[in-house]
Amino acid sequence: MKNDKKYGEVRMNKKLAIFDLDGTLFDTNLVNYYSYKMAIQSCGLDIKFDYEDFKEWNGRSYKEFLPNFISDKELIEKIHNKKIELYELNLNKSKINEHLFTIIENVKNEYIIVLVTTASKKNTIQILKYFEKMQLFDLIITKEDTTKLKPDPEGFIKAMKYFNVEARNTLIFEDSPVGIEAARASGAIVFTVNKF
């Protein structure tokens, strides 16, 4: 969980705006797909790994979708770790949600800005630095900071408790079904990002 001055000045605001990463702030479908595809190939596996099939698992943990292609649990972890290493090589395939970042810029004096994602800390920092957006966030919560992933609302609730902001004063921006489910379960006001 990141929270220091280089990520943005924490203010005494009592309103919170929480943003998901993949599919909300950035379109990373191709980044993740090619990173996983390269990871699978690096392990010498001949597996049909189709992009359209991959998109169906939007927002879900690798522990949910990789078992559809691979049964060995140790190999799944190896592939996932390799994917994290290869992610930076594919960042040129990502797209930024300029509209949403414009909103962040316009509300950051009134709202505490938080990122809550099930992505790894390493990949989260890499894409934020790639687009030079690290400084906008007062707190970053990644997969490593929670024990339960979406659709559990743990990450969102953790952010609210950290800043002592009530759910009724919290906005959450999400895109995937599991993310939206988690956001609604937190009791916050939810905005759905469909495309950009």
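Biologist: Why is R60 called partly exposed?

Modeller: In this predicted model, the relative accessible area of R60 is 36%, and since buried means under 20% and exposed over 50%, the value falls in between, so R60 is partly exposed.

Biologist: What makes the contact of E64 and R60 a salt bridge?

Modeller: The side chains of E64 and R60 meet with 3.0 Å from N to O, and the cut-off asks for a nitrogen of Lys or Arg within 4 Å of a carboxyl oxygen of Asp or Glu, so the pair meets the rule. E64 is partly exposed as well, with a relative accessible area of 32%.

Biologist: How do you know that D145 and K121 form a salt bridge, and where do the two residues lie?

Modeller: Their side chains come to 3.2 Å, N to O, which is within the 4 Å that the rule allows. This pair links distant parts of the chain, for D145 is in the loop between β5 and α7, whereas K121 belongs to helix α6 (residues 121-130), and 24 residues separate them. D145 has a relative accessible area of 12%, and because buried means under 20%, D145 counts as buried.

Biologist: Which residues do salt bridges that share partners join into one network?

Modeller: That network consists of D20, K150 and E174, and the structure as a whole holds 8 salt bridges. Within the network, K150 pairs with D20, their closest N and O atoms being 2.9 Å apart.

Biologist: Why can one say that K150 and D20 tie together parts of the chain?

Modeller: K150 lies in the loop between β5 and α7 (154-163), while D20 lies in the loop between β1 (16-19) and β2 (26-27), so the pair ties together parts that are 130 residues apart in sequence. Both K150 and D20 are buried.

Biologist: How do you know the order of the strands in the open sheet, and is the pairing parallel or antiparallel?

Modeller: The order of the 5 strands is β5-β4-β1-β6-β7, and their pairing is parallel. β5 (139-141) and β7 stand at the edges because each has a single partner strand, so one side of each is left without a neighbour in the sheet. From one strand to the next, the twist averages 20°.

Biologist: What makes β4 and β5 a pair?

Modeller: Pairing needs at least two bridges, and 3 bridges join β4 (residues 112-116) to β5, so the two strands count as paired. V116, for instance, has I141 in β5 as its bridge partner.

Biologist: How many bridges join β6 to β7, and what handedness does the β-α-β crossover have?

Modeller: There are 4 bridges between β6 (residues 170-174) and β7 (residues 189-192), which run parallel, and among the partners are I172 and V190 of β7. Between these strands the chain passes through helix α8 (residues 177-185), and this crossover is right-handed.

Biologist: What lines the largest cavity, and what is its volume?

Modeller: Its volume is about 70 Å³, above the 30 Å³ used for counting, and the count comes to 1 cavity. The lining includes V116, I141 and K150, of which V116 and I141 are the bridge partners described above.

Biologist: Which residues lie nearest the centre of the largest pocket?

Modeller: They are D22, T28, N32, N58 and G59, out of 38 lining residues. Elements that give two or more residues to this lining include α1 (29-42), α4 (73-86) and α6, and the pocket holds about 670 Å³ of space.

Conventions
Residues are numbered from 1 along each chain as its sequence is written. This is a predicted model: local features need pLDDT of at least 70, side-chain atom pairs count only at pLDDT 80 or more; totals for chains, interfaces and linings use all residues. Side-chain values use heavy atoms; hydrogens and water are left out. A crossover is right-handed if, with the strands pointing away from the viewer, the path from the first strand over the helix to the second runs clockwise. Axes are lines fitted to C-alpha atoms, for helices over the stretch in contact, and angles run from 0 to 180 degrees between N-to-C directions. Buried means under 20% relative accessible area, exposed over 50%, partly exposed in between (1.4 Å probe, protein chains only). On a 1 Å grid over the protein atoms alone, a cavity is a set of points where a 1.4 Å probe fits but cannot get out, and a pocket is an open set with protein on both sides within 12 Å along at least five of seven lines; lining residues have an atom within 4 Å of a point. Grid points are joined across faces, edges and corners, and a volume is the space filled by probe spheres set on the points.
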